[in-house]
Amino acid sequence: MDAFGNPDEDLEKKILVAHQNNDGLKLAELYAEAAYNSPNKNKACFFMVNAYTLALEYKHPKTQSFFQFLKKHAREN
Amino acid sequence: MEKTATLDKVCLPIGKAKGLPNEHYTCSSVFQEEKDILLFAKWSGLAVSAEIPNIGDVVPIHFQGIPLFIVRTKENKVKVFQNTCRHRGMILIDKAKSIEGAIRCPYHSWCYSTDGNLISTPHVGGPGRNLHEEIDRSKLGLTEVRSHVWMGVIWINLSGNAPKFEDSMKELMDRWADFDRPLFHGGKESSFTIEIAANWKLAVENYCESYHLPWVHPGLNSYSKLEDHYHIEYKNKFSGQGTKVYQQLKDKDGNVFPDFSNLEAKWDTAAEYIAVYPNVLLGVHRDHAFAIILIPDSPEKTYEHIHLFYSQEDTPEHLRLKNSKQWRLVFDEDVPVVEGMQKGRHAVNFDGGRFSPVMDNPTHCFHYWVANEVQNGRIRKS
């Protein structure tokens, strides 16, 4: 994660590959990883929104946990 | 003007009546008018529930230009929705598939549950914010279309103001109470589609009468003769024909399909074929049933989607194939006459035709319904 809260190059590449492969479950996990690693709350929530959205679509087992993350930061209710 | 052609003569007693004027088969504006009055305002057939057998299955369907999808919800209910996101109107479902979790719009990823609730609005309040005080998700669910499953068919009422399905269909549901039970679709080989170059109403008209059997279906007529048939008419609801000498299909060893259980004795030899207005043609027998859903494409083109159903899930495949082949032959035999009637509707001096006062009663019953509904619709509009 860089100083601005962006995911490192390696994670970004993985996210792009997962997008290309339409691998929604993997994407959810990668976005969640980016969120958890982000030192910046707003950036973290941005990534977690993406993680949660894909988790909803693909019924990821951690959907509820992603939701709680957003709720904690008043980004979901 | 075509649209102002009088329909009064159609509604006369059958001995004096004339058929619907040509424009009801050829004119685009009348086609549009009938779409609203006859298809959208009533309970129309859309598809069969067997197309979405498993929870989460979803199929996009265009009905008269309207993008819809059918879905089997997590609660195992069949529902029909408009296939458009409540955000920017994007099409949500572009192909048949199984929904694991939520339906996600491919544009901005608004997410809906399979029962139509809006459950997530990513970044709607800005990056990383799924909420905004002006966006009330509880009021932005998918637009549901009234639907009901009966005889394996998903029926819809697009206008939303037809009487309840059970009230609209009461008389037929009572008549066929014996068949109000699970019907098992015969699978892939038990579905087929026939494209006809004709107005959809001609398919109804041909289906509901037995008068043409000796000439168009000589094979059928060899054992089920004209005199073995009877008319079925219920004004403004349905019409058709029945036979008193139905014979079960047999394979070379004499095997037949298993019967539906606990049928009344009359069904030992009876079978009935009823056109349920506007666009569903149903047939019932002691051992199988079928549904034909007519999808009008244009004034002069219609798709007939045919589905065969059985009393059990595990009927013999070779018999199912034989039955499909037999019905396909019968329905194919109808195509030239239905298309021939369509061509005849371009004869400028054709006056709608006359009915046999004895043999054409179910057809006249349908014409009466169309004429009456269209006239009432025009009065409401004016």
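How many residues of chain B are in contact with chain A, and how many residues of chain A do they meet? The panels below show close-up views of a predicted model.

**Panel 1. Contact between chain B and chain A.** In this predicted model, 15 residues of chain B are in contact with 14 residues of chain A. The chain B side that touches chain A comprises six nonpolar, six polar and three charged residues.

**Panel 2. Helices α1 and α2 of chain A.** Helix α1 of chain A covers residues 9-20, and helix α2 of chain A covers residues 24-37. Their axes come within 9 Å and cross at roughly 155°. An angle over 145 degrees counts as roughly antiparallel, and α1(A) and α2(A) are therefore roughly antiparallel to each other. The crossing of this pair, α1(A) and α2(A), is left-handed. On the α1(A) side the contact consists of L11(A), K14(A), I15(A), A18(A) and H19(A). These meet K26(A), L27(A), L30(A), E33(A) and A34(A) in α2(A). By class, the residues of this contact of α1(A) with α2(A) are six nonpolar, one polar and three charged.

**Panel 3. Helix α2 of chain B and its bend.** Helix α2 of chain B, residues 28-40, bends by about 30° at E34(B). E34(B) is also one of the buried residues of α2(B). The others listed as buried in α2(B) are V30(B), F31(B), I37(B), L38(B), L39(B) and F40(B). Elements of chain B that cover the buried residues of α2(B) include α1 (23-26), β1 (44-48), β17 (288-298) and α9.

**Panel 4. Packing of α2(B) with α9(B).** The axes of α2(B) and α9(B) come within 10 Å and cross at roughly 100°. That crossing angle makes α2(B) roughly perpendicular to α9(B). In α2(B), the residues E33(B), E34(B), I37(B) and L38(B) meet V370(B), E373(B), V374(B) and G377(B) in α9(B). The contact of α2(B) with α9(B) divides into four nonpolar, one polar and three charged residues. E34(B), where α2(B) bends, is thus among the residues of α2(B) that meet α9(B).

**Panel 5. Packing of α5(B) with α8(B).** Helix α5 of chain B, residues 200-207, packs with α8(B) at an angle of about 125°, with the two axes 9 Å apart. α5(B) and α8(B) are therefore oblique to each other. The crossing of α5(B) and α8(B) is right-handed. L202(B), A203(B) and N206(B) in α5(B) meet five residues of α8(B): D334(B), V337(B), V338(B), M341(B) and Q342(B). Five nonpolar, two polar and one charged residues make up this contact of α5(B) with α8(B).

**Panel 6. R354(B) in the loop between α8 and α9 of chain B.** The loop that holds R354(B) runs between α8 (317-344) and α9 (361-381) of chain B. Is R354(B) buried or partly exposed? R354(B) is partly exposed, because 13 other C-beta atoms are found within 10 Å. I14(B) is 340 residues apart from R354(B) along the chain, and their C-alpha atoms are separated by 8.4 Å.

**Panel 7. Surroundings of C105(B).** C105(B) is placed in the loop between β6 (103-104) and β7 (111-112) of chain B. It counts as buried because it has 22 C-beta neighbours inside 10 Å. Leaving out residues up to four places away in sequence, C105(B) touches C85(B), H87(B), M90(B), L92(B) and W110(B). One of these, M90(B), is 15 residues apart from C105(B) along the chain, with 7.2 Å between the two C-alpha atoms.

**Panel 8. Backbone geometry at P278(B), A74(A) and H123(B).** Most residues other than glycine have a negative phi, and most peptide bonds are trans. The peptide bond from Y277(B) to P278(B) is cis, with omega near 10°. P278(B) lies in the loop between β15 (271-276) and β16 (280-284) of chain B. A74(A), a residue other than glycine, has a positive phi near 60°. This residue, A74(A), is in the segment after α4 (63-72) of chain A. A74(A) counts as exposed because it has 11 C-beta neighbours inside 10 Å. H123(B), also a residue other than glycine, has a positive phi near 60°. The loop containing H123(B) is between β8 (118-120) and β9 (144-150) of chain B. With 18 C-beta neighbours inside 10 Å, H123(B) counts as partly exposed.

Terms used:
Residues numbered from 1 in each chain as written. Chains lettered and ligands numbered in written order. Predicted model: local features only at pLDDT ≥ 70, side-chain atom pairs only at ≥ 80, totals over all residues. Contact = placed C-beta atoms within 7 Å. Nonpolar A, V, L, I, M, F, W, Y, C, P; charged D, E, K, R; others polar. Axes fitted to C-alpha atoms, helices over the stretch in contact; angles between N-to-C directions. Helix = DSSP H or I, 4+ residues; strand = E, 2+ residues; numbered from the N terminus. Parallel < 35°, antiparallel > 145°, perpendicular 65-115°, else oblique. Left-handed = near helix turned anticlockwise from the far one by under 90°. Buried ≥ 20, exposed ≤ 12 C-beta atoms within 10 Å, placed from the backbone. Bend = angle between axes of the 7 residues up to and from the residue.
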